Amino acid sequence: MLSFDELTLKFPDQIWLEFSEDDRKQALSNELDYSRSETLWNAYLNCLCLNLLMAWFQEEDETQPLVLPERKALPSIWEVVNGTGIQINETRFVIIPSLDIDTELSVPAEWVDISSWVAHYYLAVQINFEDGWLRVWGYASHQQLKNQGKYDEFNRTYSLDTEDLIEDLNVIWVMQKLRADELANAIETTPALPSLSSQEADNLLSQLSQPSISSPRLEVEDFRKWAALLENSTWRQQLYERRRGRLSMSETPSLSFSSFVDYKKTVSTLVKDLKRLQAFSQKLKLNDSVKLIEDVVQRVESDSFSVAVVGEFKRGKSTFINALLGQEILPSDIMPCSATINRVKYGLTPSVKVQFKDDREENYTIDKLADYVTNLTPESMSNAENVKEAVVYYPVPYCQNNIELIDTPGLGDSVKMTEITLSVLPQADVAIMVILAQAPFSESERDFLENKLLTHDLGRIIFVVNGIDRFERPEDTERVLKHVENRIQKYVLKRAEERFGKDSLEYEVYLKKIGKPKIFGLSAYQYLKGKQKNDETLLVQSRFDEFASALEKLLTQERGTVILHLLASRKLASAIEILKTITVQENALSIKNEHFLQAYTKSIAEIQAIRSRKTEELHLIDRASLEVKYQVQPLLYRLETELKREAERVIEMTEIHASEFRNMNALTKKICHKVSDAMQKVSQKLAETIQLEIQHSVIKEVERLQDFSNLVNKISNQIEMEFVDFSAEAELHKTSDKRMVDGAFEAFTGLKSILTGWSEVGLKGATVSAKILGTAFAARSLTSLIGLSVNWSVALTVGVLSIFHPGFMQNLLLNNVAQIQKFKEIYKAKILQEITKQLQESKIEQIVNGYISDTFTTFKQKVDREVEALLDNIQNTLVEMHQKRDRNECLTVVEHKELSQMRFETVEILENLQQLSEQLV
């Protein structure tokens, strides 16, 4: 990496400014009152750039720049758009900050198309928090952006490539001195904006201040109306104040902004290093590492979120999505219907954009959708042959914030339709697998789930059993759901997360990324009809609301800590794999052919032996999970007894006065709240006991697996040594790098990192997460899962109130200790009855068993994934070398230099991560 001084020498025409910790703190102190963390971050970047460039311009030009429109108005701008306007003498500039490298200048349309915001020139600014510098790497005029810029309708930005920008800012002043009309020529004429009535403005303000809207500038379909609203300083300030007041209360509790900035800085650094490691992995043909890095980086950089609805043909997938939309938008039929991929995205005005295979795009009204994406008629079938996919825009709440629903063709209808569905899976973050209640979880569905769906990096799989309205008896629904659950448990669930979780060591990280697969029984048809007819009975019978609530929760889940752990762990693991591969490749081709073939055969056999041993170890982890479930059963059986005993004690100890019977509702609530609080403590104590039991069992498994870990490390080192040229120089070269890696990052090498993390941290992932950044990321524990909810107090109150009739109350008001005692006895009897009822509905044993399964499955999956990644990389490297041997190829001098450079940069990346790795462990 070049130093700051080296960079300024390499790019002398650019403006280079260093910033200190004090500069950062000053920017932080000024910008703290925004609706969301994203807008807070935007304000921080703009404020930092503004402070540094204002000082530079003043020093260079001896002129005090002016902030446009004025400094106090900036928060209302930064809340909704990136960029800051300034004026120096007669020249107006807009500063556009970014963390990205110099690939293109991307300017929000507001700065280009609002006449009072238009600038003469737009400055491309890059901020590097890791090294503490800022640079202005180019600029463009307004005229360039309007005439040469690429306009992105989706993001509403004008962009120019690097080669279209001018680096040297001095050119501006020179041109102005040479040409009097230079300033006037720099600006293209912009059309006037429409006038908004007060009512129109108020409607827009109400719409855009809703908590569900993260980016107001993209929500108004007519950009000119949005621009007119924003240009009015009064309306813009009102929008800022409304969003700040409403949204700041809707988000989870306060996240320290300094920690947030550190988080963003850490993510940026990790992503940059990972991309470098990915390039090395590609050159070295470490295919597993390339894919793992690509998947992790994509999750961080993508602002979109895709939910794919999959399943065999005629499972009701399109009807299911229509139920989510609340209208029959997607075509459905009793015969296999969907013939293409249909994406549903958020749009204020319903419409369809059809993308053809020849790259044409056509817009249609929604009623024309069936003509291009179905097999219902010969004409539509012919049209569908030429369609790549259709994008449906509709104002569905689920699709706000860049979320899309994907309707896929049915599996098993034809080979072609199945291939189309499989092509979508790599793009999806979540899959909803729709199963038909009348043919629940067939063998082909099991095969698809296990061998297709679970082999992709999905964040979660949700199972929907559709068509429960066709059952005559309610118990049939429960029987089918149980059957599906048993089939998944028996054949699939134990492997469900083998490809997920990647390198994170904490259980909480697993919960945020995966969660426990859920099975929902519902009727999409009933729900859709209920919505259309406003029939509450059909809506309730459909059981759709339970699924809808779970989906909404999933789509709004916080994943910040997950990203941190994934990036850091993948970076470390991939870097070490690269170093080992470089060592092997540098030396293997120097070995004589006979020695190589002997070593190759032996190494492949040892790899297979490790895989066999790994299978045995995973079975033992499953057995340990089952043993824990047996161990905690007595504790669960005691829960009801202890809850009732505590309830009786609280009721007996509660002092009651005869006057309190005049307000039976208040008295009942008083006692029920006391009972509920006492039972909450009992359940919390039970949860802590069970969680401790689980933790002890996991640590026991960790200790048992140490032998396997040592075997894996021993054999991998033996294989490496088989391909080392044992000359004194080569041995010294290898030992030097190996000591550097093993000494600084010993706890993070492969399987050993998994065992070390689980042994030392146990199930306390949240504590580690907070330690990294000082950020209070909340973690779910078993206590929160089985703790008795506040609804218990309500249920107990309602249940108890129903037993007291007016005559009984009259007797109590006449006094008498015996009557009060009688009241308590009746109260206790009803409370005990309600406790039994609530426990039956809570399904606590099922929750605990699921928690145990998830914990051990995560642990098992991490062991499996790390071992497989290591073995695959070793085997791929050996195969590649074998192929080179067959072609009688040798490393050239250029290849040697390239490998040496990769080694140097990889070790440097690892050294930079030493402190972070220690914190994570």
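## Salt bridges between distant parts

A salt bridge is a side-chain nitrogen of Lys or Arg within 4 Å of a carboxyl oxygen of Asp or Glu. In this predicted model, one such pair is formed by Lys-283 and Glu-898, whose closest N and O atoms are 3.3 Å apart. The pair links distant parts of the chain, since Lys-283 belongs to helix α12 (residues 257-284) and Glu-898 to helix α36 (residues 893-912), with their positions 615 residues apart in the numbering. Lys-283 is partly exposed, with a relative accessible area of 49%, and Glu-898 is also partly exposed, at 36%. The structure holds 32 salt bridges. Side chains of opposite charge can pair when their charged atoms come close.

## A network of charged side chains

Where several salt bridges share residues, they can be described together, and here Arg-611, Lys-614, Asp-864, Glu-868 and Asp-872 are linked in a network of salt bridges. Within this network, Arg-611 forms a salt bridge with Glu-868, the closest N and O atoms being 3.2 Å apart. Arg-611 lies in helix α25 (residues 593-653) and Glu-868 in helix α35 (residues 844-886), so this pair ties together parts that are 257 residues apart in sequence.

Glu-868 also forms a salt bridge with Lys-614, and for this pair the closest N and O atoms are 2.8 Å apart. Here too distant parts of the chain are linked, with Glu-868 in helix α35 and Lys-614 in helix α25, 254 residues apart. Arg-611 and Glu-868 are both buried; the relative accessible area of Glu-868 is 19%, which counts as buried because the cut-off is under 20%. Lys-614 is buried as well, with a relative accessible area of 9%.

## Other charged residues

On the surface, Glu-59, Glu-60, Asp-61 and Glu-62 gather in a patch of negative charge. One of these residues, Asp-61, has its place in helix α3 (residues 37-61), and Asp-61 is partly exposed, with a relative accessible area of 35%.

Glu-389, by contrast, is buried, with a relative accessible area of 10%, and this residue lies in strand β14 (residues 387-394). The side chain of Glu-389 makes a polar contact with the side chain of Arg-343, at 2.9 Å.

## An enclosed helix

In helix α14 (residues 317-325), 9 of the 9 residues are buried, so this helix is largely enclosed by the rest of the structure. Among the buried residues of α14 are Lys-317, Phe-320, Asn-322 and Leu-325. After α14 comes Gly-326, whose phi is positive, near 80°.

## Backbone details in the loops

Most residues other than glycine have a negative phi, and most peptide bonds are trans. Against that background, Arg-156 may be noted, as this residue has a positive phi of about 55° although it is not a glycine. Arg-156 has its place in the loop between β8 (150-152) and β9 (157-161), and at 8% relative accessibility Arg-156 counts as buried.

Asn-534, which is not a glycine either, has a positive phi of about 55°, and its place is the loop between α21 (524-533) and α22 (536-542). At 69% relative accessibility, however, Asn-534 counts as exposed. A further detail concerns the peptide bond from Leu-68 to Pro-69, which is cis, with omega near -5°; Pro-69 lies in the loop between β2 (66-68) and α4 (74-78).

Technical notes: Residues numbered from 1 in each chain as written. Predicted model: local features only at pLDDT ≥ 70, side-chain atom pairs only at ≥ 80, totals over all residues. Heavy atoms only, no water. Patch = residues over 30% accessible without salt bridge, like charges linked within 9 Å, V, L, I, M, F, W, Y side chains within 5 Å. Areas by Shrake-Rupley, 256 points an atom, 1.4 Å probe, with all protein chains shown as cover. Lys, Arg positive; Asp, Glu negative; His and termini not counted. Charge placed at Lys NZ, Arg CZ, Asp CG, Glu CD. Helix = DSSP H or I, 4+ residues; strand = E, 2+ residues; numbered from the N terminus. Buried < 20%, exposed > 50% of the residue type's maximum accessible area, 1.4 Å probe, protein only. Polar contact = N/O pair within 3.5 Å; in protein donor to acceptor, adjacent residues only side chain to side chain.
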